[in-house]
Amino acid sequence: MVISELKLGVLLETKKPHPCGGTLWKIVRTGADFKIRCETCGRIVMLTPDELGKRARRIVGGEEA
Ligand SMILES: [Zn+2]
């Protein structure tokens with residue numbers, strides 16, 4: 001996934017599910033570190049842009065969604 005597409009508020013699907021079973025995440029922080037929130041359980045995970053680029057499968061919604 002191209003890192004430039006990973007913007008604040010974007011809803012994305014990851015390749016591997018969270019332990020809770022959810023695969024939908026919202027980007028809640030961008031910058032040197034990204035924070036994504038699991039839309040199923042609400043847990044927040046911090047990771048680098050590179051890591052997120054590898055984990056993300058596709059974008060399923062934007063800020064307006
Ligand atoms: Zn979860």
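Which residue takes a positive phi in the hairpin of β2 and β3? I looked this up first and found G31, with a phi near 130°, in a hairpin that has four residues between the strands.

**Entry 1. The model**

I note that this is a predicted model, in which local features need pLDDT of at least 70, side-chain atom pairs count only at pLDDT 80 or more, and totals for chains, interfaces and linings use all residues. I number residues from 1 along each chain as its sequence is written.

**Entry 2. Overall layout**

I found one helix and five strands in the chain. Helices (H or I, at least four residues) and strands (E, at least two) are DSSP runs, numbered from the N terminus. Along the sequence I read the pattern β-β-β-β-α-β. The C-alpha trace spans about 25 × 25 × 20 Å along its principal axes. I then looked up the radius of gyration, taken over C-alpha atoms, with a globule rule of 2.2 Å times the number of residues to the power 0.38. The chain has 10 Å, which agrees with the value near 11 Å for a compact globule of 65 residues.

**Entry 3. The sheet**

I traced the five strands into an open sheet in the order β4-β3-β2-β1-β5, with antiparallel pairing. Two strands pair if DSSP finds at least two bridges between them. β4 and β5 (56-61) stand at the edges with a single partner strand each, so one side of each is left without a neighbour in the sheet.

I followed the pairings in turn:

- β2 and β3 run antiparallel and are joined by four bridges; K26 has R37 as its bridge partner in β3.
- β3 and β4 (residues 44-47) also pair in the antiparallel sense over four bridges, and K35 has M46 as its bridge partner in β4.
- β1 (residues 11-14) and β5 pair in the antiparallel sense over four bridges, and L12 has I59 as its bridge partner in β5.

In the hairpin of β3 and β4, five residues lie between the strands, and G42 in the turn has a positive phi of about 85°.

**Entry 4. The core**

I recorded that 14% of the 65 residues count as buried. A residue is buried if 20 or more other C-beta atoms, placed from the backbone, lie within 10 Å of its own, exposed if 12 or fewer, and partly exposed in between. A nonpolar core is a set of buried Ala, Val, Leu, Ile, Met, Phe, Trp, Tyr and Cys residues joined through C-beta atoms within 7 Å. The largest one here has eight residues: L12, W25, I27, F34, I36, C38, L52 and A56. β2 (24-29) and β3 (34-38) each supply at least two residues of this core, and β3 gives the largest share, three residues. On β3 I found a covered face of F34, I36 and C38 and an uncovered one of K35 and R37.

**Entry 5. F34 and L52**

Why does L52 count as buried? I found 23 C-beta neighbours inside 10 Å, and L52 therefore counts as buried. L52 is found in helix α1 (residues 49-55). For contacts, the C-beta atoms of two residues, placed from the backbone, must lie within 7 Å. Leaving aside neighbours within four places in sequence, L52 is in contact with L6, F34, I36 and L47. On the same basis, the contacts of F34 are L6, I27, R29, L47, P49 and L52. I also looked up L24, which is 28 residues from L52 in sequence and 13 Å from L52 in space, C-alpha to C-alpha.
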